[in-house]
Amino acid sequence: MLFALVLLLLLIFLLQNGQPAEVSFFGAHGQLPMGVALLLAAVFGVLLVALPGTARIVQLRLLSRRRAAAGPRTALPPSPADEPADERTRR
């Protein structure tokens, strides 16, 4: 139901913004209805953000799987500050 409402609102937006707009993109020039041009700009904006974000998520998941496959990391030896005071004085 919500999807149908969104589509109806989008259709109304496109029909109300039908005046022609001059569009240039990578050397291509043409005219589109204003509503279509705005819709395309929004879609390209979403792709511009979503594609690098998706690539980064995939990169982090691969790194996480590699680390999990390598096994647990070995713990570092305790530093002298972590030892009790009486053991430091015996040295």
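Visitor: What percentage of the 91 residues of the protein count as buried?

Guide: In this predicted model, 5% of the 91 residues count as buried. A residue is placed in that class when its relative accessible area is under 20%.

Visitor: What pattern does the protein follow along the sequence?

Guide: The pattern is α-β-β-α-α, built from three helices and two strands. Of the contacts in the protein with a separation of 6 or more, 9% are accounted for by residues 24 or more positions apart.

Visitor: Why is helix 1 called oblique to helix 2?

Guide: Helix 1 (residues 2-16) and helix 2 (residues 34-70) pack at an angle of about 130 degrees, and their axes are 6 Å apart. Roughly perpendicular covers 65 to 115 degrees and roughly antiparallel requires over 145, so an angle of about 130 degrees belongs to neither class. Helix 1 is therefore oblique to helix 2.

Visitor: Which residues make that contact?

Guide: Helix 1 contributes Leu 10, Phe 13 and Leu 14, while helix 2 contributes Gly 35, Val 36, Leu 38 and Leu 39. By class, the residues of this contact are six nonpolar, one polar and no charged. Gly counts as polar in this scheme.

Visitor: How do you know that helix 2 has a span close to the one expected?

Guide: Helix 2 has 37 residues, and its first and last C-alpha atoms are 54 Å apart. The expected value at 1.5 Å a residue is also 54 Å. Helix 2 is followed by Gly 71, which has a positive phi near 95 degrees.

Visitor: What makes the pair of Phe 25 and Phe 26 edge-to-face?

Guide: Two aromatic pairs are counted in total. In the pair of Phe 25 and Phe 26, the centres are 4.5 Å apart and the planes meet at 65 degrees. The centres lie within 6.5 Å and the angle is over 60 degrees, so the pair counts as edge-to-face.

Visitor: Why is the pair of Phe 25 and Phe 44 called stacked?

Guide: Here the separation is 5.3 Å centre to centre, with 15 degrees between the planes. Because that angle is under 30 degrees, the pair is classed as stacked. The pair links distant parts of the chain: Phe 25 is in strand 1 (residues 20-25) and Phe 44 is in helix 2, 19 residues apart. Phe 25, Phe 26 and Phe 44 form one aromatic cluster.

Visitor: Are the members of this cluster buried or exposed, and what are the values for Phe 25, Phe 26 and Phe 44?

Guide: Phe 26 has a relative accessible area of 78%, which is over 50%, so Phe 26 is exposed. Phe 25, at 44%, is partly exposed, and Phe 44, at 45%, is partly exposed.

Visitor: What is notable about the phi of Phe 26?

Guide: Phe 26, found in the loop between strand 1 and strand 2, has a positive phi of about 50 degrees although it is not a glycine. Most residues other than glycine have a negative phi.

Visitor: Why is Pro 33 called partly exposed?

Guide: Pro 33 has a relative accessible area of 33%, which lies between the limits of 20% and 50%, so the residue is partly exposed. Pro 33 lies in strand 2 (residues 28-33).

Visitor: Which residues does Pro 33 touch?

Guide: Not counting residues up to four places away in sequence, Pro 33 touches Asn 17, Gly 18, Gln 19 and Pro 20. The C-alpha atoms of Pro 33 and Val 23 are separated by 9.7 Å, with the two residues ten apart along the chain.

Conventions. Residues numbered from 1 in each chain as written. Predicted model: local features only at pLDDT ≥ 70, side-chain atom pairs only at ≥ 80, totals over all residues. Heavy atoms only, no water. Axes fitted to C-alpha atoms, helices over the stretch in contact; angles between N-to-C directions. Helix = DSSP H or I, 4+ residues; strand = E, 2+ residues; numbered from the N terminus. Parallel < 35°, antiparallel > 145°, perpendicular 65-115°, else oblique. Contact = heavy atoms within 4.5 Å. Phe/Tyr/Trp six-rings, centres within 6.5 Å; stacked < 30°, edge-to-face > 60°. Buried < 20%, exposed > 50% of the residue type's maximum accessible area, 1.4 Å probe, protein only. Expected span 1.5 Å × (residues − 1).
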